[in-house]
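Dear colleague,

I am handing over the structure we spoke about, together with some notes on what was found in it. Please look through it alongside the text below.

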Amino acid sequence: MTRIRCNYCQNEINGHRLRCTECADFDLCLQCFSLGAEVATHRREHSFTIKNDQGPCIFEDSERWSLAEENMLLDAVEQYGFGNWNGAAAHIESRTAAECDEHYRHFYINGIIGDATLQEVPRPQITDHSNGNGVLAGPLSPSLTLAITPLDIGTQQQQELGYMPLRDDFEREHDNEAETLVSSLSINHDDDELDTAIKLAQVSKYRLRLQERERRKRLAREYGLTAAGAPPISKTPKTPHSKKKTGKNGRELQERLKPFSQFHSVAEHQMLFDNVKREREIKARIKELVRLRKNGITKLADEEVYEEEKFKRDKRKENKKKLAMSAISKRNSQVSKKAEGKLEKMDTSSGENEEKVSEKDEGSSVETYKGVNNSMPGFELVSENEKKLCNSMGMSPANYITIKTCIIKDYLQRCNGKDVGKFRYPGGMDKTHRRKIIGFLQDNLWIGAS
């Protein structure tokens, strides 16, 4: 907030002041106005208005704070936080950081406002759960920090079971999806009592499920069920082909069947896995037989012949496609090389040909450029140099005029600032021909260099 000074006595004006309506930015304090002060062009007869920017003071203090300054101080504390007095001073502009700190603490914390609004928060009573009757007296008892005695099972058995002995946990616990109850919970400021009660009920349900998980793990440990359910260690050395590797589908099936392992023994679980896997293989074979039947194969002996013939047909189609692509690329390369050779020859003899063309008539020019004659459409619309270019590329004058028109139109639209996108040339046109035409038009100033 800016400070206002009297234009006559140069003292700071606090409270009411008088502003001249005829002089620009001219203020007088009440004492100077009562004396009829006149400065420069200001006269006492000028009309005036009464101003009071600061307004009344709230607190009686030697350093009077106006109502506007008090409001700005409260806004600064709310915006920048309590203690950021540099930000508060920058917000008020008429007070320093020390003044803001002293004024706020004196009147709003230690004063009557602080006594009426701030209440003493009682210190919470902290209960020590680590001590009590017995080692397991509370949830924070020292027993939680004691080392767990590992089970007497080998490393191979631990991997088969997915058991982590130092944590006494399994890769897949009982009720493994219990955490989904509270994974998305969050406390919001706009929650009402019903929302809070529902969330607390979900937390309580989650704790019950955790207790059941711990109970099952404790029973399995006390009665040795974990070690009893581990597969026996084979004493025979493993060979590379002793165990058939399980593919990706087999591993996914094993993961999906893990919850059923608690209802039967290891042999029964392996039998279940083999039967489900066999069922999938049979279904896939039935689907394959249905496909063969649709193609007219009714005997298993003909299946091998059909697959061989199908493989040969697919191979022939692929070879034909490759040959066609190679032929197209070879033809394009030959046309490009031929056109480049002719254009080089044209450039070496350009000086002599220009003199001869100027002396010959139209009939002689037709005989000079074989392949381009007056019977072709658009012959009379191209110049001699353009006929020479068309003859070198093996292109008819009509096609040349079409491509030339498109290139010039595209160039003009781009010059006018229009976004015409990528220009599409006629299909099958060689890139070398396109570059030659654009270069020819640039050399003859039809278009500018891009």
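Which residue follows H14, and what is the sign of its phi? The residue after H14 is Gly394, and its phi is positive, near 70 degrees. Before going further, please keep in mind that this is a predicted model, and that the values below were computed from it.

Helix H14 itself covers residues 384-393, and because 7 of its 10 residues are buried, the helix is largely enclosed by the rest of the structure. The buried residues are Glu386, Lys387, Lys388, Leu389, Cys390, Ser392 and Met393, so that charged side chains are found in this list, taking Lys as positive and Glu as negative. Glu386, which lies in H14, has a relative accessible area of 4%, and since buried means under 20%, Glu386 is counted as buried. If its neighbours within four places in sequence are left aside, Glu386 is in contact with Leu381, Tyr400, Lys404 and Phe440.

A second helix comes in through Leu389, another of the buried residues of H14. The C-alpha atoms of Leu389 and Lys436 are separated by 8.4 Å, although the two residues are 47 residues apart along the chain. Lys436 belongs to helix H16, which runs over residues 431-443, and with a relative accessible area of 10% Lys436 is buried as well.

Turning to the charged side chains, the structure holds 24 salt bridges. One of them joins Glu255 and Arg172, with a distance of 3.9 Å from N to O. This pair links distant parts of the chain, as Glu255 is in helix H9 (residues 248-257) whereas Arg172 is in the loop between strand E5 (169-170) and helix H7 (193-222), 83 residues apart. Both partners are partly exposed, Glu255 at 39% relative accessibility and Arg172 at 35%.

Other salt bridges are formed within a single helix. Glu279 and Lys283 form one in which the closest N and O atoms are 3.4 Å apart; because these residues are 4 residues apart in helix H10 (residues 266-294), they are separated by about one helical turn. Glu279 counts as partly exposed at 40% relative accessibility, while Lys283, with a relative accessible area of 53%, is exposed.

In helix H11, the side chains of Lys322 and Glu318 also meet in a salt bridge, at 3.6 Å from N to O, and here too the residues are 4 residues apart, so about one helical turn separates them. Lys322 is exposed at 51% relative accessibility, and Glu318 is partly exposed, its relative accessible area being 38%. Besides such pairs, there is a network of salt bridges that links Asp169, Glu173, Glu214 and Lys217.

Finally, there is a positive patch on the surface, formed by Lys312, Arg313, Arg316, Lys317 and Lys320. Of these residues, Arg313 can be placed in helix H11, which spans residues 301-348, and its relative accessibility of 35% makes Arg313 partly exposed.

With best wishes

Definitions and conventions: Residues are numbered from 1 along each chain as its sequence is written. This is a predicted model: local features need pLDDT of at least 70, side-chain atom pairs count only at pLDDT 80 or more; totals for chains, interfaces and linings use all residues. Side-chain values use heavy atoms; hydrogens and water are left out. Buried means under 20% relative accessible area, exposed over 50%, partly exposed in between (1.4 Å probe, protein chains only). Helices (H or I, at least four residues) and strands (E, at least two) are DSSP runs, numbered from the N terminus. Patches are made of residues with over 30% relative accessible area and no salt bridge: like charges are joined within 9 Å, nonpolar side chains (Val, Leu, Ile, Met, Phe, Trp, Tyr) within 5 Å. Accessible areas come from the Shrake-Rupley method with a 1.4 Å probe; for residues, only the protein chains shown count as cover. A salt bridge is a side-chain nitrogen of Lys or Arg within 4 Å of a carboxyl oxygen of Asp or Glu. The place of a charge is taken as NZ of Lys, CZ of Arg, CG of Asp or CD of Glu. Contact means heavy atoms within 4.5 Å.
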